[in-house]
Each structure stands twice: as structure tokens, then as C-alpha cells.
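Work through the exercises below with the structure open. Try each task before reading its solution.

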There are 2 protein chains.
Amino acid sequence: MKKLIVSLFFIVSFSVFASEPLPSWHDASSKQALLSFIEKTTTAGSVDFVPNSERIAVFDNDGTLWSEQPIYVQLAFTFDRIKALSSQHPEWKTTQPFQAVLDGDLNTLLASGNEGFLIQLITATHAGISTDAFRETVQAWLKTARHPKTGRLYTEMVYQPMLELLALLESRGYKNYIVSGGGIEFMRPWTEIVYNIPPERVIGSSIKSKFEIVDGEPQIIGLPEMQFIDDKENKPIAIQERIGRRPVIAVGNSDGDLAMLLWTTAGKGPRLGMLIHHTDDVREVAYDRNSSIGRLNKALDQAPLKGWIVVDMKHQWRDIFPADLQQK
Amino acid sequence: MKKLIVSLFFIVSFSVFASEPLPSWHDASSKQALLSFIEKTTTAGSVDFVPNSERIAVFDNDGTLWSEQPIYVQLAFTFDRIKALSSQHPEWKTTQPFQAVLDGDLNTLLASGNEGFLIQLITATHAGISTDAFRETVQAWLKTARHPKTGRLYTEMVYQPMLELLALLESRGYKNYIVSGGGIEFMRPWTEIVYNIPPERVIGSSIKSKFEIVDGEPQIIGLPEMQFIDDKENKPIAIQERIGRRPVIAVGNSDGDLAMLLWTTAGKGPRLGMLIHHTDDVREVAYDRNSSIGRLNKALDQAPLKGWIVVDMKHQWRDIFPADLQQK
């Protein structure tokens, strides 16, 4: 009963004292749970108060902060790079997996289920180039490449409700981190502009690299070998290695995020786990247990047992993309 | 000439408007160069102004922020752990490198020059334990272990002038990072208290680890295998991987820091490289080109060519340890 009164107080205090928070969220259970958690962990004197330095929130990226359908954005980038680089590699025309990309035969490639293919494509396009030059390549691509279904820039395919949540957390002293299976150097060129998440708070997969002095100029150059795949059990390991504190909040959308949510919410004191459930086949894409991209199966079963918030996108998000907001 | 006037202005403005900065530094060239660099990079309108988000300063730890003689502190910890764990490992009495540690035969061990020995000792004492339990072990050890020469706690063997520099930088919007060859999980339990550097800004060497669920409890457990040795060319690689921005300031004391200083100071715009030169054989230990610990040879040759500050500890530091300050 005391808990209920306290919760009600927080909800009331939010609506009275703050300009409407999370406007793109319907006034449903997920929104209320988020607001009351943020309020109780950041209000001095609250039994669940979390000191500023410990306010760490971790977010998966693909499918959590931006769209991952019909294919991961980084894969679209990789395919475009293969095409752009193919004139320097005539052998790709007759060598898999490059041939499939050049022939636009995506289905054959995905159907092969060959993870080695993906790594070959990544290393062929991400290595042999300095980190500075790679950043410029990503930035140039993002200015022109467009989502195959909506025709929007990929940086417009971010979720408006999540942008609002990131901003609210930041305003309450939380430090937001990305913990993604995506490539760290693919994300950093744009996460600060789009999410207000600086490069030092981006954790992701990476290739090996070497330091060398070229014409008197120190360079860090990518090598054609994977260093770390930031997925599944590697996510909590990367969080420990990189942040060194257990997060207070973890948000994901697939089984690749399960270990990160388990690790986060097993900590002492207040913790919040949240899954974005892609339920809207009109405004976005509906997928979960059987999807080859962003499969949400085991984690969906764990959510009710662990008390994690499951966001039903169709019913709980008033707007999905920033463009939805502008159309009102 | 314009530069000179600007520099003079900064020095004057510091002494007039601020309470005396860096009091443990003699009023010599190093102090003046530091103050004028900090002033010009953090004063709006200065041609060398650096935006807040890009104010990154990286510091080596051993020999730069705290004492590394007669042996690295982490090595002293490791030896004490070998002794504490030896009852569970009767075979260590007759197996190198453990036997040498148990017999107190440090010279034999060091003379062997066998780097594999060091890794064996590290993994035997740092692995097989959860990160939470390891943190508690380090914290307990630091409360009682004492420096063999001074009898002080190791956390009292930090350099007072560097504490002042860290605090000054922090107050001017710089984010201080440690980039050390030392173990990341060995440093984090105390760097926030001693240096005001939080765990997420500690970069160091690490062993591999695994995520597993033990009795329903998610754990991250160290494995007896090195993951990363954060020294030499690996320092700039770690900076890029972890921070994703080129630092503005880099400070070290040995050839292990050379690549980090080269990488930092080759960036565009204002950059500052600094070497701590251990020249004081009375108040500390004098060592450089021929030392097996903290050798400073190639980097010392590079310093004048690159315009790096070389801090002559004997002549430029009024106080070395916090205890010196209290005795006045």
C-alpha cells in the first residue's frame, strides 16, 4: 500500500511539475513504470535513490534505438561498400560471398546461414583503412543512403519515443551508453548528433587494429580480423570491461540482449529491464520469436518472470519515427 | 609576438583571478606551460579553444600518478596473493615462478626476464574469481599493505602535484582517463577515491572473462588467460577503442607511453604531451634510461623534438607525496 501511494505521488508530481515527459508514449503502463522508476532513483531522500555517479543506462541499438528491418543498417552500408570497392577487386565477381552482393542476390546469402560470410564482408570493407578515413566514409554514406521501404535517411529511422527517453534520462543525471552488436566505428560517427551519446559511451563489435607511423604520421589502421563480437554473453562482459559498474537500466529488443538484462537486473537496489517488442506491422514491422533478425524468444519468456517492462510498440507508442511527430 | 602576449596574459590572469593553482609545483617552466595550455584551451574566444566534449586527458598510472619503485604495486599485490593462496596449492613450493615468490627470491625471478612468468603469476591470482569478489580482495589488501621503503599505504604513494593537476583539469571541464599497463580490475577499486577518476575512465590490461549463471546468480568470472596488455602501441589502440576520440593531453613517464604521446600530439589543434622524469634520488628514486621498471629512453629523446614537457621531479616539484604537504 505504501508503495502504491509513493508511486501515485511520483506520477502526480510528474504531471504537475514537469512539462509533459515522454510525449510520444501513450499514457500506459510502460510509460508510468519508466517515470516512476526515474523519479524514485533520482529524488534525494527516496529509499531507492541512486547516486549520480552510478546512474548508468545501457541501450542496445539495432531494433532498440533505430530500425533493423529489412536488414541491419550496417549490412546495407557493407553491401554498398562492396559495390563501391568492386572495381578494385575483379575477383569478387566470381567469389562468394561477394558475388551474391554484387548480383543483388541477398536471399542466397542469408539462406546460407554462413556467419563466416558476414565476417568476410565486414572485414573486406571495414579494414585496411585508418579510423579517421573510415569515419568519413560512414558520414558520407549516411548523408545519401536511404531506407529501402520508407525512402528516409537511416538517421531518420530512429525511434522518437526512445529519443525522448534518452533525453529524459540524461536530464536526470543518467549516463546513457550504447551496447550493440553493431560495429563500434560504424556507430560513433553519428551517435553523438542523433542520440546525444558521445563516442566514449559507445560499446560495440570491433575488428583488430594496428598502430603504425606512415610518412611520419601516426595512424590506427583496421585489420581484417574480428576482435570482439558484442552480442549475447559478451554484452555483460563488455559492460564490465568498459564501464566497470553494473548498469541501473538496460534496454534491448532481442535474445542478444538477454544476458545484458539478466546481469543488469540481478544487481542490488533498484534496477530496470525493458524490452522493445516490435508489434506494429503497419507503422513499422511486426516480428519476434521466429525472426532471423532481432529474434525475441527466450528474453520474451524471461520478461514476466524477471519483472521487465515489455513495450508493445503498436499500443504504447503514439509516434514511432520523428517524422510521425512532425505530421501532427 | 602575439603568442607571447597571449601567453603572458594567461599567466597573469591565473595569478590574479584564481587561488594559487598547482601549489606543489615550483613556479618553473613546466607549471607555466601547463597553466597557459589549460587556459588557452578552455577560454571561450581563444583561438585554441577546445569544446567541452573533446577535452580528454589521458594519464599513465605507474610512475606517472603513483610510485612504481622498487616494484609495481600490482606485483606486490600479486606476490601477497600467491602467499595467501599457497596453502591451496602445495605444488607451488616446487614450481617456478611460484617457488621464487614463496621463497622471497625476487631477484631470481626478475633476472629470468621471463614475461611468461609474470603472466602465470597474474592469471593464477586474478582469475577464477568473480569481478565483485576480486574488487573486495583488492580493497582489503590496500587497507593494510605498505610500501617496503616508506612504510606508507600504497594509496599514500601518489604524487601530490599530479593530484593537483588532475583536479585543475577536472575543474576546467577536462575528462581525465587512466591508460595504464596495470590491470583494469586492480585499479578500479580505488581510482575514484584517490584520483576522482571513475571506473568507466580506467583503461588497462585485462584477462579474459566469462559470463555464467551460478545458482541463479549471473556472474562475470576471470579466466586464466590474458586478453589485452595495455602497453606501448596498444595504448593508442585502446584509446581509440575505448574513448573513440584523440586526447588533447597525454602524460606518461616511460617508453611504454611513447606511442600514446605520439598519437595524442599528432592530432590537429592544440595538444600537450608531458613526461614525468624521475630525477629525485632523495625524496623518491632517480631512474630513466637503464631502469628495468619504467625505462625512459626513446621517449626522452623524442621529447625535445616533439615539444613535450619534461617534468624534472627534483627541481620542479615542491612536494612529491601528500605527506610532504602535511609536514609544512
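**Exercise 1. Overall build of chain A**

How many helices and strands does chain A have? Then judge how compact the chain is for its length.

Solution. This is a predicted model, and the values below are computed from it.
- Start with secondary structure. Chain A has 14 helices and 7 strands.
- Next, compare radii. The radius of gyration is 21 Å, close to the 20 Å that the globule rule gives for 328 residues, so chain A is as compact as a globular protein of that length.
- Add the box. Along the principal axes, the C-alpha atoms of chain A fill roughly 70 × 45 × 35 Å.
- Check burial. Of the 328 residues of chain A, 43% count as buried.
- Finish with contact range. Take the contacts in chain A with a separation of 6 or more: 66% of them come from residues 24 or more positions apart.

**Exercise 2. Domains of chain A**

Split chain A into domains, then describe the side of domain 1 that touches domain 2.

Solution.
- Read the assignment. Domain 1 of chain A takes in 2-10 + 22-69 + 158-320, and domain 2 is 73-144.
- Place the centres. The C-alpha centres of the two domains of chain A lie 27 Å apart.
- Count the contact. Domain 1 of chain A gives 16 residues and domain 2 of chain A gives 16 residues.
- Find the elements. On the domain 1 side, strand S2 (175-183), helix H9 (184-195) and strand S4 (217-228) of chain A each supply at least two residues.
- Rank them. S4(A) brings the largest share of that side, 8 residues.
- Sort by class. The side of domain 1 of chain A that touches domain 2 has 9 nonpolar, 5 polar and 2 charged residues.

**Exercise 3. Strand pairing**

In which sense does S3(A) pair with S4(A), parallel or antiparallel? Trace the pairing of S2(A) with S3(A) as well.

Solution.
- Take S2(A) and S3(A). They run parallel and are joined by 3 bridges. Val179(A) stands opposite Ile203(A) in S3(A).
- Move to S3(A) and S4(A). These pair in the antiparallel sense over 8 bridges. Ile213(A) stands opposite Pro218(A) in S4(A).
- Look at the turn. The hairpin of S3(A) and S4(A) has 2 residues between the strands, and Asp215(A) takes a positive phi near 50° there.

**Exercise 4. The two chains**

Describe the contact between chains A and B, then find how the copies are related.

Solution.
- Count. 26 residues of chain A are in contact with 26 residues of chain B.
- Locate. Strand S3 (202-214), S4, helix H10 (234-242) and helix H11 (258-265) of chain A each supply at least two residues of this side. H10(A) gives the largest share, 5 residues.
- Classify. The side of chain A that touches chain B has 13 nonpolar, 6 polar and 7 charged residues.
- Superpose. A rotation of 180° with 0.0 Å of shift along its axis places chain A on chain B, RMSD 0.0 Å. The two copies are therefore related as by a two-fold rotation axis.
- Find the axis. In chain A, the C-alpha nearest to it belongs to Arg242(A), at 3.6 Å.
- Compare surfaces. 100% of the contact residues of chain A recur in chain B, so the same surface serves both copies.

**Exercise 5. Helix H10 of chain B**

Why is H10(B) largely enclosed by the rest of the structure?

Solution.
- Count burial. 9 of the 9 residues of H10(B), residues 234-242, are buried, so the helix is largely enclosed.
- Name some. Among them are Asn234(B), Ile237(B), Glu241(B) and Arg242(B).
- Step past the end. Gly244(B) follows H10(B) and has a positive phi, near 75°.

Terms used. Residues are numbered from 1 along each chain as its sequence is written. Chains are lettered from A and ligands numbered from 1 in the order in which they are written. This is a predicted model: local features need pLDDT of at least 70, side-chain atom pairs count only at pLDDT 80 or more; totals for chains, interfaces and linings use all residues. Domain bounds come from an automatic or database domain assignment. Two residues are in contact if their C-beta atoms, placed from the backbone, lie within 7 Å. Helices (H or I, at least four residues) and strands (E, at least two) are DSSP runs, numbered from the N terminus. Ala, Val, Leu, Ile, Met, Phe, Trp, Tyr, Cys and Pro count as nonpolar, Asp, Glu, Lys and Arg as charged, and the others, Gly among them, as polar. A residue is buried if 20 or more other C-beta atoms lie within 10 Å of its own, exposed if 12 or fewer, and partly exposed in between; C-beta atoms are placed from the backbone. The radius of gyration is taken over C-alpha atoms; the globule rule is 2.2 Å times the number of residues to the power 0.38. Copies are superposed by least squares on the C-alpha atoms of residues with pLDDT of at least 70 in both. Two strands pair if DSSP finds at least two bridges between them.
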